[in-house]
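Notebook open. Today I look up how one sheet is put together, strand by strand.

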Amino acid sequence: MIDVGVHDDALTFEGALDQEATPSGVTPRRLPAWTKSQIDDPFMDLTVRMPSGVRLRFTSDASAIELDVMLSLAQFAPGQVIPAVFDLVVDGELVQQRSTSTGAVMDLGRDDVEAIPVTPGEVATITFTGLESRAKVVEIWLPQGAVVELRALRLNEGATIQRSVPAVARRWLHYGSSISHCMEADAPTGTWPAVVARATRCELTNVSFAGHCLLDQFVARTIRDLDLDLISLKVGINVVNRDALDARTFTPALHGFLDTIRDRHHDVPILVVSPIFCPFAEDRPGPNVMGPEGRYVAIDGPPELRAASLTLRAIRAELDRVVALRRSLGDEHLYYLDGREL
């Protein structure tokens with residue numbers, strides 16, 4: 001095998017907006033480097049480093065490909081580590097999958113921690129063989145539920161590698177919560193944004209962060225600054241679960257998020273999607289906490305302190321109203337979809 005440097009110009013991390021150099025390799029991040037100083041929540045930072053929708057792309061005539069990766073795997077309950085799956089896509093077709101549970105393990109089965117406990121692990125080697133020895137566009141979709149540090153890339157002897165320039169395609173960005181991060185999906189090409197992007201031949205950028213879809217302005221500015229053809233925003237569930245915004249603050253936060261995007265993307269279609277059905281939060285406000293079995297449950301509070309707290313039913317009504325208002329004021333490229341229709 002021949003080594004390809006992990007910083008080689010032929011390699012691109014499509015769907016990543018930053019490549020963080022480490023002493024031993026490179027880790028893709030789904031937000032730009034400038035956002036790091038504005039992210040002070042360790043779990044938010046972790047989800048940014050989980051490469052949902054990110055794929056390593058290059059053109060090569062290799063018949064065998066090896067990756068050395070240091071993985072940080074997610075565990076929500078003792079002994080239940082989510083395996084990391086790597087999908088090999090050649091010229092747009094999924095041809096091989098590899099799964100591993102080798103790596104460090106992050107204990108995510110707790111709330112409100114200042115630091116995430118990590119059990120050290122070993123480097124994993126991911127191997128794809130039996131490929132046709134012809135020039136082809138190679139995409140290795142990275143696991144959406146693990147942090148991936150690429151330590152090494154190797155090709156079979158005699159293979160060549162070049163940078164792959166994507167064909168002209170619609171550039172779609174999606175912003176959402178865990179429902180769109182899809183940490184629990186069986187494989188990276190099996191997340192719903194990946195399924196949609198591949199079916200419609202869109203270039204995907206997925207800035208969905210489990211537990212952290214909270215209309216952060218650094219995300220809005222990130223979306224504003226990218227060249228995009230389609231934008232979708234699936235918002236609301238994390239606002240309720242955290243009781244993060246109330247009836248007074250949610251609406252101006254939503255307007256501000258949309259205003260920031262519209263500062264540059266005047267005519268780009270934006271689809272605002274409300275939350276899908278979630279029984280415990282439909283008519284009960286947050287905050288909601290993770291129970292002993294790893295499922296979130298609602299907690300009650302004094303009614304006099306919850307008068308302005310939001311439920312999913314209230315969130316949907318306000319999203320619908322805000323989109324209708326902005327359309328009436330001239331934003332004809334803004335659309336609303338009730339998530340329950342999904």
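I am working on a predicted model. I began with the strand order. The sheet is open and has 5 strands, ordered S16-S15-S17-S18-S21, with parallel pairing. I then looked up its edges. They are S16 (202-208) and S21, and each of these pairs on one side only. I also checked the twist. Neighbouring strands of this sheet are turned by 15° against each other on average, direction ignored.

Next I looked for a helix on this sheet. Helix H7, residues 312-328, packs on it and touches S18 and S21. The direction of H7 makes about 155° with that of S21.

Then I went through the pairings.

Entry, S15 and S17. S15 covers residues 170-176 and runs parallel to S17, joined by 4 bridges. I looked up the partner of Leu173 in S17 and found Ile231.

Entry, S17 and S18. S17 spans residues 230-234 and S18 spans residues 270-273. I find parallel pairing here over 4 bridges. Which residue of S18 is the bridge partner of Ser232? My lookup gives Leu271.

Entry, S18 and S21. S21 holds residues 334-337, and I read its pairing with S18 as parallel, over 4 bridges. In S21, Tyr336 is the bridge partner of Val272.

A reminder to myself on faces. In a regular strand, side chains alternate between the two faces of the sheet.

Last entry, on S21. I note this strand twice: S21 is an edge strand of the sheet, and H7 touches S21 as well as S18.

How values were computed: Residues are numbered from 1 along each chain as its sequence is written. This is a predicted model: local features need pLDDT of at least 70, side-chain atom pairs count only at pLDDT 80 or more; totals for chains, interfaces and linings use all residues. Side-chain values use heavy atoms; hydrogens and water are left out. Two strands pair if DSSP finds at least two bridges between them. Helices (H or I, at least four residues) and strands (E, at least two) are DSSP runs, numbered from the N terminus. Axes are lines fitted to C-alpha atoms, for helices over the stretch in contact, and angles run from 0 to 180 degrees between N-to-C directions. Contact means heavy atoms within 4.5 Å.
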